[in-house]
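Subject: A structure to look through, with notes

Hello,

Here is the structure I said I would pass on to you. Please open it next to this message, and then read the notes below with the model in view.

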Amino acid sequence: MKGMSTLEELERLVLSERAGHRLVRINGTIREVTPSYYRVSGLSQFVKLGDQVGFESNDKVQIGEVVRIDPEGLTIKPFNGRIDAKIGTPAFVVANNGLSPDQSWKGRVINALGEPLDGLGPLMAGSKPVHHDAEPPSAMTRARVQTPLQTGVKAIDLFTPICRGQRIGIFAGSGVGKSTLLTMLAKCEGFDTIVVALVGERGREVREFLEGPIEASLHKAVMVVSTGDESPMMRRQAPRTAVSIAEYFRDCGESVLLIIDSVTRYAHAARDVALAAGEPAVARGYTPSVFSDLPRLLERSGPGEEGKGSITGIFSVLIDGDDHNDPVADNIRGTLDGHIVLDRSIADQGRYPAINVLGSISRLADHVWTREQKELVRRLRGMIARYEDTRDLRMMGGYQAGTDQDLDQAVVLVPKIYEALRQDPSSPASRDAFVDLAQALKP
């Protein structure tokens, strides 16, 4: 075009391609290949962070995401775990139209890129595409969170009640019952749609989850799966895909339950990507961008704008080495509206769910409890604290009945409370946890 430089002309052609008019394909060249990323020269002027670049290998296009741009070239993290690139292989910008969720996606199982995994055929594209990194609703236009939610898990409904649109975390070490508790919460009634992201989980657990307690609700669920053997890019993308799908149903006016298991593995994947982009490790190996990516992801759930739906977020957090002051756990705990702590010592006693009611809190509990219930919970917590604080004293024989009336009451009632809170996925859901507890404590 007259009066236009060659570079400007190429940029116009690339923009036209992104708009759906494939006029030309601008090629770069792969110059460096490592086990975790590859470098491409010749495309730095035509892409931005988050764009996708691909190359052809064995009659297929392998796609990666741009994670770093510098004058010498691009750093690409592939979605495929194995890089089949060779030095000199042509690479090109791939048009990324994002996701276009549809109501027909309910009952389907997809991967992090929105591709079906269940063998039920292709997904129907909706009329409105959504972005993987959409902005959360404005703080001033969001609806308030006030409607109580009955989970059916007695320990939660009593001590850490949840509201519709709330975001709460389940903090636990490995093997303490975190995934089992999530399956119990997935049966929670009163939601139009359930969106579940299994991030970095064992492959066998996918079918166990699908054919287990959630099976009865599968017709209204969308499952996003990225198992532990997949690349960090897929594990990083899966929660973002799940949140984008949940946002679509929220904007349709629906009440959505979003479950992500686990956010920690998302943080691990985000760290791998950031290290490949050249970021320094600043806190136990985590890069600075991880601590900005986490709030950005978590803030997208919650209540929508007035008149629209809501996303009730339940996020599992894997505590590395049972250290609850781990920087990722600490960052997430400060962002969410409450946390449920699973304790290994409680699990060792065979009490499930292994919820530490003294270490767990819901910041919106006051919207659920009546004044009488709030006072009762306060007294129950005090009784349990007294019982646990004197455990060693009682084991050594230093406790004498009749010397402390409050402790005498705790010694009699707390074991009954613990027994009343026992539940497993096969147990019936509690309809009223306070009534169930009152019946259990009857003499």
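The buried residues of helix α8 pack against β10 (167–172), α6, α7, β15 (310–318) and β16 (338–341). Please keep in mind throughout that this is a predicted model, and that what follows describes that model.

**Helix α8 and its surroundings**

Helix α8 runs over residues 327–335 and is mostly covered, since seven of its nine residues are buried. If you would like to find them, the buried residues are P327, V328, A329, N331, I332, R333 and T335. At the N-terminal end of α8 there is a cap, which is provided by D326: one of its side-chain oxygens lies 3.0 Å from the backbone nitrogen of V328.

**How α6 meets its two neighbours**

Two of the elements that α8 packs against, α6 and α7, are also in contact with each other. The axes of α6 (residues 263–276) and α7 (residues 288–298) come within 10 Å and cross at roughly 135°. That angle makes α6 oblique to α7, because an angle has to be over 145 degrees to count as roughly antiparallel. The crossing of these two helices is right-handed. On the α6 side, the residues that take part are V263, Y266, A267, A270, R271 and A274, and they meet S289, V290, D293, L294, L297 and L298 of α7. Sorted by class, the residues of this contact comprise nine that are nonpolar, one that is polar and two that are charged.

The spacing of such residues is worth a thought, because an α-helix has 3.6 residues a turn, so residues three or four places apart point the same way.

Helix α6 also packs with α5 (residues 232–251), at an angle of about 130° and with the two axes 8 Å apart. These helices are therefore oblique to each other as well, and α5 passes α6 in a left-handed crossing. From α5 the contact uses P232, M233, R235, R236, P239 and R240, while α6 contributes R265, Y266, A269, A270, D272 and V273. By class, this contact of α5 with α6 has seven nonpolar, no polar and five charged residues. You may notice that Y266 and A270 of α6 appear in the contact with α7 and also in the contact with α5.

**Backbone features to check**

Most residues other than glycine have a negative phi, and most peptide bonds are trans. With that in mind, which peptide bond that leads to S262 is cis? The bond in question is the one from D261 to S262, with omega near 5°, and S262 lies in the loop between β13 (255–261) and α6. Another cis peptide bond joins Y352 and P353, where omega is about -5°; P353 is found in the loop between α9 (344–348) and β17 (361–362).

In the loop between β3 and β4 (60–70) you will find N58, and D59 lies in that loop too. N58 is not a glycine, yet its phi is positive, at about 55°, and D59, also not a glycine, has a positive phi of about 65°. Are these residues buried or exposed? N58 is exposed, with a relative accessible area of 68%, and D59 counts as exposed at 82% relative accessibility.

**Three single residues**

L49 lies in the loop between β2 (38–41) and β3 (52–57), and it is exposed, with a relative accessible area of 56%. Leaving aside residues up to four places away in sequence, L49 touches V66, V67, R68 and I69. L49 and I69 are 20 residues apart in sequence, while their C-alpha atoms are 7.2 Å apart in space.

P116, in the loop between β7 (108–110) and β8 (148–149), counts as partly exposed at 34% relative accessibility. With residues up to four places away in sequence again left out, P116 touches R108, V109, I110, G121, P122 and L123.

Finally, E205 is found in helix α4 (residues 204–210). E205 counts as buried because its relative accessibility is 16%, and buried means under 20%. The side chain of E205 makes a polar contact with the side chain of R202, at 2.6 Å.

Best wishes

Technical notes: Residues numbered from 1 in each chain as written. Predicted model: local features only at pLDDT ≥ 70, side-chain atom pairs only at ≥ 80, totals over all residues. Heavy atoms only, no water. Axes fitted to C-alpha atoms, helices over the stretch in contact; angles between N-to-C directions. Helix = DSSP H or I, 4+ residues; strand = E, 2+ residues; numbered from the N terminus. Parallel < 35°, antiparallel > 145°, perpendicular 65-115°, else oblique. Left-handed = near helix turned anticlockwise from the far one by under 90°. Contact = heavy atoms within 4.5 Å. Nonpolar A, V, L, I, M, F, W, Y, C, P; charged D, E, K, R; others polar. Buried < 20%, exposed > 50% of the residue type's maximum accessible area, 1.4 Å probe, protein only. Polar contact = N/O pair within 3.5 Å; in protein donor to acceptor, adjacent residues only side chain to side chain.
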